[in-house]
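Here's a quick tour of a protein fold, starting from its packing and working outwards. Have a look at the model first, then read on.

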Amino acid sequence: MCEAHFNCIMQSIETRSSQGWIIINAEYEVVYVNESFCRMWQCTRENLLGKSLLQWYDGEKQNSQGRYFGPLIETMATGIEMQNVEARLPKFFSDECIWQLVDTFLIRDNKEKVEFGVASYSVIERFKAIEQQLNSINLKVIKAFSKAIGARDVYTMQHSEKVAALMFGLAEAMLLSKHEVTLAYLAGIVHDVGKIGVPENVLNKPGRLTEEEFILMKQHPTIGSDILRQIDGFADIASIVLHHHERYDGKGYPQQIAGESIPLLSRMLAVCDSYDAMVSARCYRQPVTKAQAMAEIEKCSSSQFDPVIAACFLRFLNSDLSLTAVD
Ligand SMILES: [Fe+2]
């Protein structure tokens, strides 16, 4: 890769990534923050660069109960990197706290001494609000499903989280009720849970499935729906999951129902699911660009997808609302 191309990619990360990035040196001094970081923490680079993160905590790394002031400080102090840690962190210049999903890692020199600590942040405030609406049993069930999917197939887990974020954003853009927005998010998380019942060699096969393998794969909406139906209060989600591969023209599966006979949230899932599958990299194919995926959604509007939902989704992707849902 030539230097100009590399710089161009770095510039995109700098200005277009929806994640906030920070790098600190071994003295905890901030050496880099990107635009998203400044936006989510409502500060400027000048406020932060060259300053020690510890200055916000009177030079301490832990509070009186021995808890570290955030994942990055903990990683620097303990040498333990973290992935997908949910943390409620205070903003730099106010008492307001926001929920963040944080990854941390360390950069060491050739003598293994820590030179830099790096952290990325995604705002999960809105998703936390959903969790607060659920009772703790339902929340535990959903988290257990998410883990079970991840243990079997990491791609499906990450895909489910991204589909859930898209469903949440689309449901809000369509001005659905609070209850439906919550259902949309949860349906996104669990929509492929039935893949637990698909043989490993079919699930992770690189490349095209044979006809027999495709028959096995096509059972996942029914398997998922049967699992979810066993849980008290999950009947609605079970039905949404059952129909997430139906097509608007009736040529989908498992029941070949068409149009508005397909539950609204299943029609929304069909669009969000296909979009994320197109823009995600798999070991056997390159992702397409956002513009190409949007063109494909438009092309398949009225055949595969509900035209009204497809149009809403495209409008949503073009709006600022999509910035926290789509990387
Ligand atoms: Fe699926």
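Contact here means heavy atoms within 4.5 Å. By that yardstick, and leaving out residues up to four places away in sequence, Met268 touches Met167, Leu170, Ala171, Met174, Leu176 and Ile309. Keep in mind that this is a predicted model.

Met268 is part of something bigger: the largest nonpolar core has 55 residues, and Leu228, Met268 and Phe313 touch the most other members. Several helices chip in at least two residues each, including H6, H8 and H13. Which helix gives the largest share? That's H7, with nine residues. Apart from this core lies another one of 24 residues, with Ile22, Tyr28, Leu72 and Leu89 among them.

Zooming out, the protein splits into domain 1 (6–123) and domain 2 (127–324), and their centres, taken over C-alpha atoms, sit 32 Å apart.

Now for the sheet. It's open, with five strands in the order S2-S1-S5-S4-S3 and antiparallel pairing. S2 and S3 stand at the edges with a single partner strand each, so one side of each has no neighbour in the sheet. From one strand to the next, the twist averages 30°.

| Strand | Residues |
|---|---|
| S1 | 20–25 |
| S2 | 30–33 |
| S3 | 82–90 |
| S4 | 97–108 |
| S5 | 114–123 |

S1 and S5 pair antiparallel over six bridges, and Trp21 has Ser120 in S5 as its bridge partner. Helix H4 (residues 71–78) lies across S1, S3, S4 and S5, running at about 155° to S5.

Terms used:
Residues numbered from 1 in each chain as written. Predicted model: local features only at pLDDT ≥ 70, side-chain atom pairs only at ≥ 80, totals over all residues. Heavy atoms only, no water. Domains from an automatic or database assignment. Pairing = 2+ DSSP bridges. Helix = DSSP H or I, 4+ residues; strand = E, 2+ residues; numbered from the N terminus. Axes fitted to C-alpha atoms, helices over the stretch in contact; angles between N-to-C directions. Core = buried A, V, L, I, M, F, W, Y, C linked by side-chain atoms within 4.5 Å. Buried < 20%, exposed > 50% of the residue type's maximum accessible area, 1.4 Å probe, protein only.
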